[in-house]
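Me: Could you take a close look at one part of this model for me? Pick a spot and walk me through what surrounds it.

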Amino acid sequence: VTIDLFSFYNLYHQIPAYTDIAKGCALVDVGMNSTRVAFLQNGRLRLTRYIQRGLAGIAQNISTDADISVSQVLLQLKNNSFPLA
């Protein structure tokens with residue numbers, strides 16, 4: 001299932017505990033090739049940003065630094081973090 005950032009924002013508003021957050025918060029959607037960030041203040045969408053860096057680039061950097069394959073890095077992320085698309 002793919003959910004765009006604005007659908008994620010609408011879901012955010014349907015959760016009572018989140019609608020009571022008075023200060024700022026961010027919704028971050030880290031994808032394979034990009035990251036999207038939505039900043040909310042007092043429950044209102046203030047700005048969004050699209051960053052041309054996602055898990056693939058991060059996995060490549062970890063792979064180089066740790067001297068393991070990219071597939072091993074992605075497997076570790078999948079097994080220890082969250083499901084990857």
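Reply:

**A close look at T35**

The side chain of T35 gets to within 2.6 Å of the backbone oxygen of R53. Bear in mind that this is a predicted model.

Where does T35 sit? Its place is in strand β2, the stretch covering residues 35-41. Strand β2 runs antiparallel to β3 (residues 44-51), and seven bridges join the two. Across from T35, on β3, you'll find I51. At the turn of this hairpin there are two residues between the strands, and N42 takes a positive phi near 55 degrees. Most residues other than glycine have a negative phi.

Is T35 buried or exposed? It counts as buried, because its relative accessibility is 9% and the cut-off for buried is under 20%. As for company, if you skip the neighbours within four places in sequence, T35 touches V28, D29 and V30, then R49, Y50 and I51, and also R53 and G54. So R53 turns up both as a contact of T35 and as the owner of the backbone oxygen that the T35 side chain reaches, and I51 is both a contact and the residue standing opposite.

Follow one of those contacts, D29, and you arrive at a salt bridge. D29 pairs with R36, with the closest N and O atoms 2.2 Å apart. The structure holds one salt bridge, and this is the pair that forms it. In general, side chains of opposite charge can pair when their charged atoms come close. How accessible are the two partners? D29 is partly exposed at 23% relative accessible area, and R36 is also partly exposed, at 24%. Both values sit over the 20% that bounds buried, whereas T35 falls under it.

Two other details are worth a glance while you have the model open. One is D67, which has a positive phi of about 55 degrees although it is not a glycine. D67 lies in the loop between α3 (55-66) and α4 (70-80), and it counts as exposed because its relative accessibility is 70%.

The other is the one aromatic pair the structure holds. The rings of Y12 and Y18 have centres 5.6 Å apart and planes at 20 degrees, so they count as stacked. Y12 is buried, with 5% relative accessible area, while Y18 is partly exposed at 40%.

Conventions. Residues numbered from 1 in each chain as written. Predicted model: local features only at pLDDT ≥ 70, side-chain atom pairs only at ≥ 80, totals over all residues. Heavy atoms only, no water. Salt bridge = Lys/Arg side-chain N within 4 Å of Asp/Glu carboxyl O. Buried < 20%, exposed > 50% of the residue type's maximum accessible area, 1.4 Å probe, protein only. Pairing = 2+ DSSP bridges. Helix = DSSP H or I, 4+ residues; strand = E, 2+ residues; numbered from the N terminus. Polar contact = N/O pair within 3.5 Å; in protein donor to acceptor, adjacent residues only side chain to side chain. Contact = heavy atoms within 4.5 Å. Phe/Tyr/Trp six-rings, centres within 6.5 Å; stacked < 30°, edge-to-face > 60°.
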